[in-house]
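Reader: I'm new to this one and keep running into labels. Could you walk me through how they are decided?

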Amino acid sequence: RCRYNRKLLHTMSQEILGDPKYSACDPDIVFEDMEVMTDFELDNLCRASLPLNKYKLDDDALLDSGKLKTLLPLLRKHKDNGDRVLIFSQFTTLLNILEKVLTLEKHKFYRIDGS
């Protein structure tokens, strides 16, 4: 995690109590839960909770990854060639990130996952 530091997490753990879903929670427990979350998971929490909405990451921050900076030009190249690309992952979190990125980049995709 590099976008949300401990000080910000502490502030967020206090502010989330304004959300009816979290109003009865102990902010220290919420802070502990937040500490183990990734930037992507914290961003999703911020988007789902109105009091934390101001802490959500902008789209550029979501795309600020060395792996994505390598992947996106490759996808554009294959798309321009009329090729189709298949990406496998056993990690649903990675698929969630890719789904968001591909949507932002306006790539058509079809996601298949399940148990």
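Author: Happy to. A disulfide is a pair of cysteine sulfur atoms within 2.5 Å. Keep in mind that the model here is predicted.

Reader: How many disulfides does a search of the whole structure find?

Author: The search turns up 0 disulfides. Take Cys 25: the nearest cysteine sulfur belongs to Cys 46 and is 15 Å away, so Cys 25 is in no disulfide, given the 2.5 Å limit.

Reader: And what makes the sulfur of Cys 46 too far for a bond?

Author: The closest cysteine sulfur to that of Cys 46 sits in Cys 2, at 14 Å. A disulfide needs the sulfurs within 2.5 Å, so this pair doesn't qualify.

Reader: Is Cys 46 buried or exposed?

Author: Buried means under 20% relative accessible area. Cys 46 has 0%, so it counts as buried. Cys 25 has 32%, and since partly exposed runs between 20% and 50%, Cys 25 is partly exposed.

Reader: Why is Lys 7 called exposed?

Author: The relative accessible area of Lys 7 is 69%, and exposed means over 50%, so the label fits. Lys 7 lies in helix H1, residues 6-15.

Reader: How do you know that Glu 15 forms a salt bridge with Lys 54?

Author: The closest N and O atoms of Glu 15 and Lys 54 are 3.2 Å apart. A salt bridge asks for a Lys or Arg side-chain nitrogen within 4 Å of an Asp or Glu carboxyl oxygen, so the pair passes. Glu 15 is in helix H1 while Lys 54 is in the loop between helix H3 and helix H4, so the bridge ties together parts 39 residues apart in sequence.

Reader: What about Arg 76 and Glu 105, which meet in a salt bridge?

Author: Their N to O distance is 3.0 Å, so they also meet the 4 Å cut-off. This pair links distant parts of the chain, with Arg 76 in helix H5 and Glu 105 in the segment after H6. The structure holds 9 salt bridges.

Reader: What makes the phi of Lys 106 stand out?

Author: Most residues other than glycine have a negative phi. Lys 106 is not a glycine, yet its phi is positive, about 60°. Lys 106 is in the segment after helix H6, and its 68% relative accessibility is over 50%, so Lys 106 counts as exposed.

Reader: Last one: which residues gather in the patch of negative charge on the surface?

Author: Those are Asp 26, Asp 28, Glu 32 and Asp 33. Asp 33 is in helix H2. With a relative accessible area of 48%, Asp 33 is partly exposed, because exposed would need over 50%.

How values were computed:
Residues numbered from 1 in each chain as written. Predicted model: local features only at pLDDT ≥ 70, side-chain atom pairs only at ≥ 80, totals over all residues. Heavy atoms only, no water. Patch = residues over 30% accessible without salt bridge, like charges linked within 9 Å, V, L, I, M, F, W, Y side chains within 5 Å. Areas by Shrake-Rupley, 256 points an atom, 1.4 Å probe, with all protein chains shown as cover. Lys, Arg positive; Asp, Glu negative; His and termini not counted. Charge placed at Lys NZ, Arg CZ, Asp CG, Glu CD. Helix = DSSP H or I, 4+ residues; strand = E, 2+ residues; numbered from the N terminus. Buried < 20%, exposed > 50% of the residue type's maximum accessible area, 1.4 Å probe, protein only.
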